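Let's take a relaxed walk through one protein fold, with the picture open beside the text. Keep a finger ready to point at things as we go.

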Amino acid sequence: MKKPRSYERYEKKSDRFGGSKAPRNPISVGEEYIVTIEETSKSGTGVAKIRGFVVLVNNSNPGEKVKIRIKQVSRSHAVADVISNNVAK
């Protein structure tokens, strides 16, 4: 079996063929949204969805409509903090 060339050894596979074809996250850090908390996760944080993307919201309860700010985004979910609890319905 042939060994890879030295420059191919440390190269990411996704970069080799034009990048990842996975869809990009619909949200980014620092953005603000008004969401309704749908349920509570196992760890006790509120769960909301923005365009199908799961957002874990600290200090919230199911059924609340809150304004949030995104503080961390990963591939499968995002983490947000509550800015305001008193949002008009």
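Before we start pointing, one bit of vocabulary: a residue is called buried when its relative accessible area is under 20%, exposed when it is over 50%, and partly exposed in between. Try that on lysine 67: its relative accessibility is 32%, so lysine 67 counts as partly exposed. Bear in mind, too, that what you're looking at is a predicted model.

## The sheet

Start with the big picture. Six strands make up an open sheet, and going across it you meet them in the order β1-β5-β6-β4-β3-β2, with mixed pairing. Which strands sit at the edges? They are β1 and β2, each of which pairs on one side only. As general background, strands in a sheet pair through backbone hydrogen bonds, and the pairing can be parallel or antiparallel.

You can find both kinds around β4. On one side, β3 and β4 run antiparallel and are joined by five bridges. Look for valine 47, whose bridge partner in β4 is leucine 56, and for alanine 48, which stands opposite valine 55 in β4. On the other side, β4 and β6 pair in the parallel sense, with four bridges between them. Here leucine 56 turns up again: its bridge partner in β6 is valine 79.

Now look at the two faces of β4. In a regular strand, side chains alternate between the two faces of the sheet. In β4, Phe53, Val55 and Val57 make up a covered face, while Val54 and Leu56 are on an uncovered one.

## Two odd backbone angles

β3 and β4 also form a hairpin, with two residues between them. Arginine 51 is in that turn and has a positive phi of about 50°. What makes that worth a look? Most residues other than glycine have a negative phi. Arginine 51 goes positive although it is not a glycine. With a relative accessibility of 63%, arginine 51 counts as exposed.

Asparagine 59 does something similar: its phi is positive, about 55°, and it is not a glycine either. You'll find asparagine 59 in the loop between β4 and β5. Its relative accessible area is 73%, so asparagine 59 is exposed.

## Two buried loop residues

Is serine 60, in the loop between β4 (53–57) and β5, buried or exposed? Serine 60 has a relative accessible area of 6%, so it is buried. Its side chain reaches the backbone oxygen of valine 57 at 3.0 Å. Leaving aside residues up to four places away in sequence, serine 60 touches Ile37, Gly46 and Val82.

Threonine 45 is another one to find, in the loop between β2 (39–40) and β3 (46–50). At 16% relative accessibility, threonine 45 is under the 20% cut-off and therefore counts as buried. Again leaving aside residues up to four places away in sequence, threonine 45 touches Glu39, Thr40, Leu56, Val57 and Asn58.

## The salt bridges

How many salt bridges does a search of the whole structure find? It finds three. Here they are, with the N to O distance for each:

| Lys or Arg | Asp or Glu | N to O distance |
|---|---|---|
| Lysine 67 | Glutamate 32 | 3.6 Å |
| Arginine 69 | Glutamate 32 | 2.5 Å |
| Lysine 71 | Aspartate 81 | 3.8 Å |

Take the lysine 67 and glutamate 32 salt bridge first. Lysine 67 lies in strand β5 (residues 65–73) and glutamate 32 in strand β1 (residues 32–36), so the pair ties together parts that are 35 residues apart in sequence. Glutamate 32 is partly exposed, at 37% relative accessibility.

Next comes arginine 69, which forms a salt bridge with glutamate 32. That pair links distant parts of the chain, 37 residues apart, with arginine 69 in strand β5 and glutamate 32 in strand β1. Arginine 69 is partly exposed too, at 39% relative accessibility.

Then there is the salt bridge between aspartate 81 and lysine 71. Aspartate 81 lies in strand β6 (residues 77–84) and lysine 71 in strand β5, so this pair ties together parts ten residues apart in sequence. Aspartate 81 is partly exposed, with a relative accessible area of 30%, and so is lysine 71, at 45%. Finally, salt bridges that share partners join Glu32, Lys67 and Arg69 into one network.

Notes: Residues numbered from 1 in each chain as written. Predicted model: local features only at pLDDT ≥ 70, side-chain atom pairs only at ≥ 80, totals over all residues. Heavy atoms only, no water. Buried < 20%, exposed > 50% of the residue type's maximum accessible area, 1.4 Å probe, protein only. Contact = heavy atoms within 4.5 Å. Salt bridge = Lys/Arg side-chain N within 4 Å of Asp/Glu carboxyl O. Polar contact = N/O pair within 3.5 Å; in protein donor to acceptor, adjacent residues only side chain to side chain. Pairing = 2+ DSSP bridges.
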